[in-house]
Amino acid sequence: MRKMWVVIRREFVERVRTKWFIISTVLGPLLMVAFVAVPLIMARKGAQERVIGVIDATSTEFGRRLAASLDRAPPIKASWLPTPVAEIEQAADSLAVLIGAKVVDGFMIVSDEAVDDGKLEYRGSNVSSPRDMQILSTLVEEAVFTERLGRAGVDAALVRQAKIPLQLRTLKVAGARTTASSGEGSFILAYVIWLLLYMGILLYGVNVMGSVVEEKTSRIVEVLISSLKPFQLLAGKIIGVGGVGLFQFAIWGLCGAVLIDRRELVFRLLGESVPGGSTAAFPEVPLATVAVFLLYFLLGYFLYAAMFAAVGAMTSSEAEARQAANFVVMLLVLPSVLMIGILNDPDGTMAIALSIVPFTSPIAMPVRWAAAEVPATEIMSSLGALAAALLAVTWVASRIYRVGILAYGKRPGLRDLVRWVRTA
Amino acid sequence: MTPDNVVVLEGVTKRFATHTAVSDLSLVVPRGSIYGLLGPNGAGKTTTIRMILSIIVPDEGAITLFGATDSGRDVSGRIGYLPEERGLYRKMRVGDLLVFLAETKGITRGVARAEARRWLEQLGLGAWEHQKLDALSKGMQQKVQFISTVLHRPDLVILDEAFAGLDPVNAQVMKDTVVSLARSGTTVVFSTHVMEHAEKLCDAICIIARGRKIVDGRLADVRRGHGGRHVIVAVEQGVGSAERVLTDRALVAKADTYGQYAELEVAPGADPHRILEALLAAGSRVTRFEIAEPTLHKIFIDKVGADTASALANPGGDHA
């Protein structure tokens with residue numbers, strides 16, 4: 001035990017001292033903020049002015065009303081261009097020239113068909129932007145809708161009232177309690193949890209592998225194994241590197257907590273007005289979520305670190321190890337690829353399966369937990385399966401490790417590995 | 001209580017998937033001796049050493065260390081080990097590395113730190129304590145590794161291919177170190193495939209080939225036990241010119257010629273002086289004529305056969 005502690009301390013101290021640790025500790029949150037903030041900023045930036053012409057060939061001047069209602073929507077500036085039916089193509093050609101000169105973004109061609117059959121045409125340089133097209137079609141649909149109701153003799157005041165837009169406020173219910181987190185907030189939380197788990201397990205797992213390979217290639221492992229049991233060395237290494245991960249999370253968690261606590265100040269510094277109540281960008285993080293996160297991080301990390309260590313012991317160079325580790329990395333990538341599926345339907349069959357199967361559960365379960373209510377029985381069976389897999393994998397991995405660290409030359413085949421596990 | 005024999009192997013066998021590395025090996029290392037484990041490359045020396053250190057476990061047989069059956073790992077605090085392939089953590093600071101390795105031997109931090117400093121000063125590396133190992137030259141790294149082998153004051157030091165890869169100056173330093181360790185009461189076991197090293201240093205030896213023991217015991221006993229009278233001759237024109245005498249089976253039972261000199265086994269009943277006479281009669285200008293005990297080299301070749309020993313006949317320039 002004392003000797004294992006010596007290994008743990010070496011792995012921890014040597015890592016925390018490196019530039020790599022300091023840089024990743026500082027850059028980690030910045031990257032994460034960038035991951036979350038950049039899409040938001042991009043979305044805001046994308047809302048630049050769109051200049052649109054409305055070629056109105058209707059007999060009812062519907063185009064004038066459409067242009068007016070488009071003009072009222074902030075990003076769009078619309079102008080009404082009454083045109084006889086015969087001159088539509090002529091007007092279209094001259095507008096196309098303006099689009100080419102980037103004076104105009106696009107134009108709408110409205111005829112009597114628009115209200116009767118709902119047929120309109122839009123030509124522009126921004127047709128490939130789904131966001132622009134969605135805004136446009138929503139506004140046009142609304143205008144056509146109003147026009148039809150008016151034609152049917154519905155009172156204008158009634159139409160205006162019917163048009164009051166919907167404001168759906170989403171609040172997450174967790175632990176039978178309504179939290180202050182919005183739906184968007186818990187999505188961000190799930191996203192951050194996924195990123196931390198995936199990066200954490202992968203980076204620190206690969207770190208363990210690198211450490212095994214380093215000891216093997218430098219041959220110092222032979223000296224170490226003459227005074228330490230292979231398992232002491234392996235366990236000390238995994239615990240020490242994992243400690244670095246927890247230490248890094250602790251630093252981030254503390255900074256994050258302070259930041260959330262002082263969010264008004266942060267918003268003021270950023271020159272933003274403080275939105276009423278809690279904000280979407282700062283979800284509430286319940287203690288239970290932190291506990292689930294840490295528990296799954298530790299178990300998942302141990303599971304993958306053991307596999308990475310075995311891979312490291314099988315190979316005799318860093319490059320070879322990285323190649324051989326692809327299989328392990330794939331297991332880790334699987335729940336990440338399917339993450340959107342989990343978030344879209346956290347109680348669906350796929351989400352449940354991924355959060356119970358041991359190799360995907362370390363990432364899938366905490367993500368699910370952040371996104372939805374998870375029944376206690378599922379958490380229990382997930383943890384049970386994970387613990388059982390951890391025991392089995394550690395048993396096999398430590399046997400491969402024991403033989404592998406002293407074996408040089410050709411990489412072992414599957415049959416060799418089976419023999420190693422048997423004879424170790 | 002310190003027993004007289006530090007290491008005892010009884011009937012030790014180790015098999016790997018494709019071959020038997022060590023077969024039914026028994027040997028005894030007396031306390032305070034310099035013990036040579038000799039044999040060509042691939043003879044099983046490293047496997048034997050690894051079993052003594054419990055890096056690998058023998059399939060059969062028993063290993064006794066310091067008179068008890070505790071495994072090498074249990075008593076690792078009393079053993080210093082320098083493996084054949086040298087290597088350390090290249091990114092660690094020299095001082096921290098020595099402290100870490102000493103701690104794995106059960107030495108407390110404070111003591112290890114002080115001892116490391118003392119040794120570094122002694123070997124002229126005092127200024128490098130806080131430098132990363134990367135910054136050191138290869139020779140300095142070897143010194144650091146040597147310090148890590150002896151820092152915890154072991155009773156038994158095991159050096160695998162102690163002289164491999166050393167230049168003549170460092171080889172001499174290593175020889176002096178082995179002698180001074182032995183003088184201070186430390187038992188030294190070293191393996192080598194260069195018989196000359198063993199001949200100069202060892203109190204006792206064990207020669208192994210293809211995993212089997214060929215001969216072992218005190219060096220003097222091994223020589224005496226080999227029997228036969230031996231003559232070493234050197235001829236000015238080269239021993240090739242004395243071909244006729246050396247192949248005369250009435251005088252010479254067996255001749256190993258090395259160009260500049262030859263080691264001869266005198267035929268039973270023949271008088272060594274008759275060989276000298278025959279050489280002079282044949283017109284050879286004899287520059288050396290010595291009636292000697294057989295060299296380890298000669299013993300080895302006689303026991304194992306020249307093909308196995310070919311690795312020994314050409315030990316390679318860097319091992320000289």
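Me: What makes two helices oblique, and how are the angles counted?

Reply: Angles under 35 degrees count as roughly parallel, over 145 as roughly antiparallel, 65 to 115 as roughly perpendicular, and the rest as oblique. This is a predicted model, where local features need pLDDT of at least 70, side-chain atom pairs count only at pLDDT 80 or more, and totals for chains, interfaces and linings use all residues. Residues are numbered from 1 along each chain as its sequence is written, with chains lettered from A and ligands numbered from 1 in the order written.

Me: Why are α2(B) and α3(B) called oblique?

Reply: The axes of helix α2 (residues 94-104) and helix α3 (residues 109-122) of chain B come within 9 Å and cross at roughly 130 degrees. Axes are lines fitted to C-alpha atoms, for helices over the stretch in contact, and angles run from 0 to 180 degrees between N-to-C directions. The pair α2(B) and α3(B) is therefore oblique.

Me: Which residues of α2(B) and α3(B) make the contact?

Reply: Contact needs C-beta atoms, placed from the backbone, within 7 Å. Among those that make it are B:Leu98 and B:Val99 of α2(B), and B:Ala112 and B:Ala116 of α3(B).

Me: What makes β11 and β13 of chain B edge strands?

Reply: Two strands pair if DSSP finds at least two bridges between them. In the open antiparallel sheet β11-β12-β10-β13 of chain B, β11 (252-257) and β13 (286-292) each pair on one side only.

Me: How do you know that β10 pairs with β13(B)?

Reply: Six bridges join strand β10 (residues 230-235) of chain B to β13(B), and pairing asks for at least two, so they pair.

Technical notes. Helix = DSSP H or I, 4+ residues; strand = E, 2+ residues; numbered from the N terminus. Contact = placed C-beta atoms within 7 Å.
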